[in-house]
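Student: Could you take one helix of this model and walk me through it closely, along with whatever surrounds it? I would like one connected explanation.

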Amino acid sequence: MKENNNITEDSKKLIVKIYDHFQLALHQIENVNNIFANSIEEAKENLQKEIKSVEKEYISILGIFAAIVLAFVGGITFSTSVLQNISAVSVFRLLLVVDFLAFVLINVIYILVKFIYTINEKSVKLFNVKVLNIACLVIVLVIIVAWLFNVNQLPDFIAEFLPWSNNR
């Protein structure tokens, strides 16, 4: 490209064009490599997100299955034990145990379902467990008051004053 070389102007233009084409081709190859590298990184990130999502779904399915099994097995075991011991203890103790077991079962199922929704990063309005807990507490209080006032003898007491009663 120096002036002291005996190269014609057309040759110089041709050499400059060839050099420009090589530079353009190198730039395009570098761009393509960068695009491929970025695409591969994006694909890796998307694949990792998808794998985590699938893992969460598997955990959710197992959690829902566990909740269903816990509810049914707990309910069946609970009702079986209540029905077996119905004549062995006083009605008040039996009702207190039934109420306590219902309280535990409701709260365990609620916590399990809430945990599943938390894992999946979803916010869903579940049943109001506070109302059920308050209801269980009210039932306990009613049972204790009835136990203290010996309400199981109330029918005998009322029967004494009824005219059609044979207790007179």
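Tutor: Happy to! Let's look at helix α2, where the cover over the buried residues includes α1 and α3. Please keep in mind that this is a predicted model.

Start with the helix by itself. The 29 residues of α2 should span 42 Å at 1.5 Å a residue, and its end C-alpha atoms are indeed 42 Å apart, so the two values agree. Which residues of α2 are buried? They are F92, L94, D99, N107, I109, Y110, I116 and I119. Just after α2, you can find E121, which takes a positive phi of about 55°.

Now turn to one neighbour, α3, which covers residues 129-148. The axes of α2 and α3 are 10 Å apart, and the two helices pack at an angle of about 170°. Angles over 145 degrees count as roughly antiparallel, and α2 and α3 are therefore roughly antiparallel to each other. On the α2 side, the contact is made by F92, R93, L95, L96, D99, F103, I106, N107 and Y110. On the α3 side, the residues are V129, L132, N133, C136, I139, V140, I143, I144, A146 and W147. Sorted by class, this contact has 15 nonpolar, 2 polar and 2 charged residues.

One residue in that contact is worth a closer look: N107, which is found in helix α2. Is N107 buried or exposed? Its relative accessibility is 15%, and buried means under 20%, so N107 counts as buried. Leaving aside neighbours within four places in sequence, N107 is in contact with V129 and N133. Both of these partners are listed on the α3 side of the contact.

The other neighbour is α1. Helix α1 runs over residues 9-84, so it has 76 residues, and it reaches 111 Å from its first C-alpha to its last, close to the 112 Å expected at 1.5 Å a residue. The axes of α1 and α2 are 9 Å apart, with a packing angle of about 175°. That makes α1 roughly antiparallel to α2. The residues of this contact divide into 17 nonpolar, 4 polar and 1 charged. The buried residues of α1 are K12, S60, G63, A67 and V82, and what covers them includes α2.

Let's stay on α1 for a moment, to see some residues that are not buried. E41 forms a salt bridge with K44, and their closest N and O atoms are 4.0 Å apart. The count for the model comes to 1 salt bridge. Both residues lie in α1, 3 residues apart, which is about one turn of the helix. An α-helix has 3.6 residues a turn, so residues three or four places apart point the same way. E41 counts as partly exposed, because its relative accessibility is 41%. K44 is partly exposed too, with a relative accessible area of 48%.

Another residue of helix α1 is Y19. With a relative accessible area of 52%, Y19 is exposed. The C-alpha atoms of Y19 and N133 are separated by 82 Å, and the two residues are 114 residues apart along the chain. N133 is the residue you met earlier as a contact of N107.

To pull this together, go back to α2: its buried residues have a cover that includes α1 and α3, and α2 is roughly antiparallel to α3 and to α1.

Key: Residues numbered from 1 in each chain as written. Predicted model: local features only at pLDDT ≥ 70, side-chain atom pairs only at ≥ 80, totals over all residues. Heavy atoms only, no water. Helix = DSSP H or I, 4+ residues; strand = E, 2+ residues; numbered from the N terminus. Buried < 20%, exposed > 50% of the residue type's maximum accessible area, 1.4 Å probe, protein only. Contact = heavy atoms within 4.5 Å. Salt bridge = Lys/Arg side-chain N within 4 Å of Asp/Glu carboxyl O. Axes fitted to C-alpha atoms, helices over the stretch in contact; angles between N-to-C directions. Parallel < 35°, antiparallel > 145°, perpendicular 65-115°, else oblique. Nonpolar A, V, L, I, M, F, W, Y, C, P; charged D, E, K, R; others polar.
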